[in-house]
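Please read the points below beside the sequence and the coordinates. They take up confidence, then one helix, then the contact between two chains.

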Amino acid sequence: MTSTTPSPANTPDALVATDLSFAYQKKAEPVLKIPYFNVKRGERVFLHGPSGSGKTTLLGLIAGILTPNAGRIEVLGQNFTAMGGFQRDRFRGTHFGYIFQMFNLIPYLNVRQNIELPLGISPARNQRVGRDRYSLIQTLAKDLGIEHLLGKPVTELSVGQQQRVAAARAMIGSPEIMIADEPTSALDSDHREAFLKTLFLVADRAGASILFVSHDKSLMSLFSRTVSLREINIAALPASSLS
Amino acid sequence: MFALRLALYSLLNRRLTTLLTLASVALSVALFVGVERVRQGARESFANTISKTDLIVGAKGGSIQLLLYAVFRMGNATANVSYESYQKIHNHPDVAWTIPYSLGDSHRGFRVVGTSEDFYEHYRYRHDKKPELVQGVVAKGVFDAVLGSDVAARLGYKLGDKIALAHGVAEVAFQNHDDKPFKVVGILGKTATPIDRSIYTTLEGMEAIHLDWTDGAPPMDGQGVSADKIMGQKLEIKAITAFLLGAKSRIDALRLQRMVNDYNDEPLMAIIPGVALSELWEGISYAEDGLRVVSGFVVVVGLMGMLISIYNSLNERRREMAVLRSVGAGPRLIFTLMIAESTLLTGIGSALGVLSMYLLILVIQPIIEQNFGLFIPVKPLSSLEWGYLGLIFCFGIVLGIVPASRAYRNSLSDGLTIRI
């Protein structure tokens, strides 16, 4: 685990989790216990861990879908944990861009409508885009090499194209944090790096931090920092299993 | 608005299911509103079986019974009205016209009505329509008969045919008047009222065939009076069964009714047809309530179909819900989205239903009127019908809560996990 230096007080980290503890049942042993984890502004963090190590749970907590039993998560300096459900949904819609492993797209919307989706839900993001919506989508699509697909139904896209559309949707309206949950695992290895590079490109343009979750360590070298979930999660398990 | 647009896209994407669901909602709504229309049409046609007649006068008895035998040719009179009393009332200064009826005989199941030429002149149905002859002339001679259109069509008679009347009104008659046959001189056009199911003769004709009868029994052999002989003599009418009466004004009608009901010389009764008709309709309206209940259940079934189709779609849409949540949709928006779907389905389905109901009425209106005498008017939705549609709409939305709350709970438990 790379050392983390606290950022200056006037520019809070994109994400800070402290003393986080979570269990699916109240009296059960926590599956997740993380003393400290952060993502700085503009940082590209590679979070890895084998399946079952609690990656999905951690992402649920970070995205505000799950509520920790103890500890707190601060996003952009705001106490995310203390917010109510509605506020948290709103906050997620405004400040996060989320890319799933697969099936990212709403099947009944075309490519352009899928990219626009967050703008219909988050007023803040819609405002940020303003009147430039059309040209912004055009630029974003060009960066991702999908501008010729904008009018197409998503069912006609290849998996790689779908992931690019998902990246465009995650970054429309410039949210501060991109969370990518194994977005490359459905791609073949030739395409992984290319996809990752375009992902970095659009994230940089939006000035977003990236929290990239994967079990595929071959991509590790492309990131500014690498975190092993096993190392930060002290709930886990035998001390011997350090990688 | 966003949810509504999203719901619309989602429905358009599942085109086949959406079409089938819309069809089931539309059909059930069309049936419901259609039944309502037929019910109104039936009620109106029923009320318009007879119009312009102010009073129906007969021997004292039940008013429904009088209505049934005088207008609907059903049942029998228990007593007669003397011709003398009839004449007296007929000549009253407030009376504009009368139509005498002499009932009691039949021909192969069809009632025979002895009447006067006033019938062709003054009888009205459906506001201002009068029975018109399509062939021949009105019955004037003693043994002339005019056929209602159903009678002519069913029995295949044409002008000049001879028919024998039967005593009594049973389909199979035991006592025939076949010694004095009648000649068909005219055929009436279709009226889609009980008029079509009767044969019209003159009062004299009815008197003639019973002339040689004594105490309700036919003459013994050799004592009968032949038809030729009757033609020569002057027939004296002793009694009729009932008569219709048109007064000079509405107020006169009420006065006349009182006068008839208080008539001293013999027990008579006068009824206002509109009042008696609605009384009769009330008596049989449980049938229409039943019809309405059944069509109401059909609507419930149609909307249940919608509920099931939405509910079934939920599982395959869990990933869609997760994606929506990832871009900031709360469970509340998911709920709204599902409600929007059922709202759209119910709304569009109902609109389609009403539309197809109108189209259907336009197509079958002439056929129904021709065959059943039921006139179903094409008119805008009544406030009652709007009320029903509103109720259906609300019910559809309420049913939509079931899958919506399921989706709400799913999206809470699934979060961003994509389950397939």
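1. Over which residues of chain A does pLDDT stay under 50? The stretch is residues 1-8 of chain A, for which the model has nine contacts beyond four places in sequence, where pLDDT is the predictor's confidence in each residue, from 0 to 100, and a contact requires C-beta atoms, placed from the backbone, within 7 Å of each other. Residues 238-243 of chain A also have a pLDDT below 50, with four contacts beyond near neighbours in sequence. Where pLDDT is low, the predicted coordinates should not be read in detail.

2. This is a predicted model, in which local features need pLDDT of at least 70 and side-chain atom pairs count only at pLDDT 80 or more, while totals for chains, interfaces and linings use all residues. Residues are numbered from 1 along each chain as its sequence is written, and chains are lettered from A and ligands numbered from 1 in the order in which they are written.

3. Chain A averages a pLDDT of 82, and 93% of its residues score at least 70.

4. In helix α9 of chain B (residues 250-261; helices are DSSP runs of H or I, at least four residues, and strands runs of E, at least two, numbered from the N terminus), A253(B), L256(B) and V260(B) are buried, that is, with 20 or more other C-beta atoms within 10 Å of their own, whereas exposed means 12 or fewer and partly exposed in between, the C-beta atoms being placed from the backbone. Seen down the axis of α9(B), the buried residues fall within an arc of 65 degrees (taken over the directions from the axis to the C-beta atoms), so they line one face of the helix. On the other side of α9(B), I251(B) and R258(B) are exposed.

5. The contact between the chains takes 26 residues from chain A and 20 residues from chain B. On the chain B side, α1, α12 and α13 of chain B each give two or more residues.

Note on methods:
Two residues are in contact if their C-beta atoms, placed from the backbone, lie within 7 Å.
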